[in-house]
Structure formats: C-alpha cells, structure tokens
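This report describes a single protein chain, beginning with its division into domains and ending with its nonpolar core. Please keep the sequence and the model in view while reading.

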Amino acid sequence: MEEKETPVRRKIIHIDMDAFYASVEQRDYPEYREKPLVVGGLPQGRGGVVATASYEARKFGIRSAMPSKQALQLCPHAIFVRPRFAVYKEVSKKIREIFSRYTDIIEPLSLDEAYLDVTVDKLSIGSAIDIAEQIKQAIKDELQLTASAGVSVNKFVAKIASDIKKPDGLTFIGPSSVEKFIERLPVDKFHGVGKVTAGKMKKMGLFTGADIKQLTEEQLISHFGKAGHFYYRIVRGIDNREVQPHRETKSMGAEDTFAYDLTTIEEMHTALEKITQIVYDRLLKYQLKCRTVTLKVKYSDFKQITRSLSFTECTNNKDFILNIAKQLLESTGIENSRIRLLGVTVSNFNNTAPKGKTPDQLKLFDI
Ligand SMILES: [Mg+2]
C-alpha cells in the first residue's frame, strides 16, 4: 500500500465483564462468594477445561483454558461448577440493553465483552469517559456485577486498556498518548500476537512497540506475513477498524500446537478429544449447531493441510464431531507422519447467530 494512512479518531469503549461466569455464579449463590470458584468442565470428567475462574481462584494460578484437573491440583479446595450458559446469555442481553441506551454501534466479542462506538452518543453526553462510568455504574446497580472499561480512539488500544485495571477498572488512553502507549507496550500484550509470535519477536530483539517501529513495513511482512501490515500500522496508532454491529459467526474452532510432534494415533486422538471439547463448549455457549467439520493438520515440516466433511443434519453432538475429526485425520494417511498442530473448526451453522456475534476462531493454546 502506497498511500499514507492517517488514523481515524473515534471514541471507542471496550467493556469487559470481570470474571463473568464466576461472578454471575457468586452473585446467584452466596455460598460461592469469596471462595475459589471454577466454572467449566469438572476435574473428574475427561478433558474438561476451565472456562472462568473467580479472582479468589486466580490467586492459586488457575486460568481460563487450563485443564480442570490441573486447576484442582493448584487449589484442592476449589469449588467446581458447570457453566449455566442460558443464565449468562440472559445477563449478557441485559448488559447489551444498558449499552444500547448510549449507542447502537455495539460489537459484542462474546457474552461478556463488547466494543462500543460512542463518537456520537444517543444522550449527547459527549465524554466517552463519562459514558463508560455510567455504563459501569448501571451494570453494578442493575445486575450486581462489575465490568472494566477501556476508553480510547481505536479498538486496539481500548481493548488493551480495559485489561489494565481489572477488576472494576476504567482506563482512558487519550489521542495524544496513544502512540506513546503503544511504544511502551510489551509485544506479548499486543492483542492478536500469540505466544509463538511473541517468542519470535523477542528472538529478533523486538520487545516493545517502539522496537517494532524500527522496522519497515516490508521487513515486518517478510517476517510475519500479512500480520506485518497490521503491526506496522498499529505501532503508529493507526487502527481504522470500525465497530461492526452486525457481524455474524461463520465458524468457530480451536487448535493446539504441541510441545513435541505427535506420532501415534493414540496421542492424536487424545489431542483431538481435547480440541473438540473446546469447540463443543463454544457451540453450546452460542447455542449453535454445525453442518461442516474441518480438520487442520500441520506437520513437523510445517506443511499444512485441511480436510472438511459436511453432512445434511445440523449437529452439536460432541462424539459425532469428534468421530468426523478422527475420520478426517485417518483420511490424511497418518502412517509415519509427525504432527505438530491439530485444529478442528466447525461451520455452516443452522441458525445465523444473533446479531453482533463475531467470528470466533479460538486459538486457545497458541499458534
Ligand atoms: Mg471478561
């Protein structure tokens, strides 16, 4: 791209509920309050993972996406409960209703997170900080829950800002401080930079936004592919992505990069079970059924293939999806193969997801 791009200045708020599922459970069940609570798969079950841990549980090192078994080891007296997605969805609707008092340009990223564009707000409040404060207060008063807010001129910075003072925080990064903020930002905090990419950057001596700024766009593209375009702009405070109120879920998936190459069918099946469990949890969360399953395989030589299978009936049956993933894997001819990554994506959903859903390619483990 030759033309000089200039940043579009908007007033963006990113709202992120604090430990959402766990907070709803603690709100509804007083006996869980001030206790280490884990919402997700039960540690007794196979392949269960933590969806959300309460702040009390996080003190023990328990994190989202961690196997529940591991969470139990970290905190043997933790309370484990299964998620109640129907309830979270209801609460999420109410949160969205609060947002809509201020703007209709709302882009939910999940049940507990959304971008709001308040460049023009319905109540002519004008100050995005005031709006964020009012939203937080309304969530507290009406739903007895807390949220953290990031307020800035673009999505990238607003999203990172909401994470700075969690829980119950509000962080404003104004137009004049955006570039400085990104320059100081460690690369692992860059939204969209996974562990592997961050590791690669550090090896190249890139630790902060300022370091990335030293490279030309061509250099960034040669090292990081398409993402290089994005990095080049973002470190200059340029993120002109709009808040998109009507995005729909087209696919969702999960993948896992392994610490060592998988060579046996047993290992591969175990990995697929774990990955499918995550995909299945997401399907339940968004109440979707799929008609296509896609398997992604990356080999030790980084060659990558995908295989898909579609069927006539929509399903959210975990075993069915898992079996298809296994069949697809077998169809690739696994004799003598060394696999470093497996991914499962489901698509072709029955119901178009409710307005505002975002494509939900989940890379829980790394990429
Ligand atoms: Mg959250």
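How many Å apart do the C-alpha centres of domain 1 and domain 4 lie?

## Domains

In this predicted model, the C-alpha centres of domain 1 and domain 4 are separated by 33 Å. The chain is divided into four parts: domain 1 comprises 12–19 together with 86–174, domain 2 covers 22–85, domain 3 covers 178–234, and domain 4 covers 251–361.

From a record comes a further assignment, since UniProt, in an unreviewed entry, lists residues 12–194 as "domain: UmuC". Within the model this span is 36% helix and 20% strand, and the C-alpha atoms at its two ends lie 24 Å apart.

## A three-stranded sheet

Three strands make up an open sheet of mixed pairing, in which the order is 3-2-4. Strand 3 and strand 4 occupy the edges and have a single partner strand each, so that one side of each is left without a neighbour in the sheet. On average, and with direction ignored, neighbouring strands of this sheet are turned by 25° against each other.

The pairing of strand 2 with strand 4 is parallel and extends over 3 bridges; in strand 4, F80 is the bridge partner of V38.

## Helix 1 and its surroundings

Helix 1, formed by residues 20–28, lies mostly under cover, with 7 of its 9 residues buried. The buried residues are F20, Y21, A22, S23, V24, E25 and Q26, a set that includes the polar residues S23, E25 and Q26.

Helix 1 lies across strand 2, strand 3 and strand 4, and runs at about 115° to strand 2. The buried residues of helix 1 pack against strand 2 (37–40), strand 3 (50–53) and strand 4 (79–81), and also against strand 1 (12–17) and helix 4 (85–99).

## The largest nonpolar core

Which residues have the most contacts inside the largest nonpolar core? This core has 94 residues, and those with the most contacts inside it are I13, V38, L116, L272, V279 and A325. Helix 12, which spans residues 265–285, gives the most to this core, contributing 8 residues. Such a grouping can be set beside a general tendency, namely that in soluble globular proteins nonpolar side chains tend to be buried together.

V279, one of the residues with the most contacts inside the core, can be followed further. When its neighbours within four places in sequence are left aside, V279 is in contact with M252, G253, A254, I321, V344 and V346. V38, also among the residues with the most contacts inside the core, is the residue whose bridge partner in strand 4 is F80.

Conventions. Residues numbered from 1 in each chain as written. Predicted model: local features only at pLDDT ≥ 70, side-chain atom pairs only at ≥ 80, totals over all residues. UniProt positions renumbered as here; feature names shortened; annotations may be inferred. Helix = DSSP H or I, 4+ residues; strand = E, 2+ residues; numbered from the N terminus. Core = buried A, V, L, I, M, F, W, Y, C linked by C-beta atoms within 7 Å. Buried ≥ 20, exposed ≤ 12 C-beta atoms within 10 Å, placed from the backbone. Contact = placed C-beta atoms within 7 Å. Pairing = 2+ DSSP bridges. Axes fitted to C-alpha atoms, helices over the stretch in contact; angles between N-to-C directions. Domains from an automatic or database assignment.
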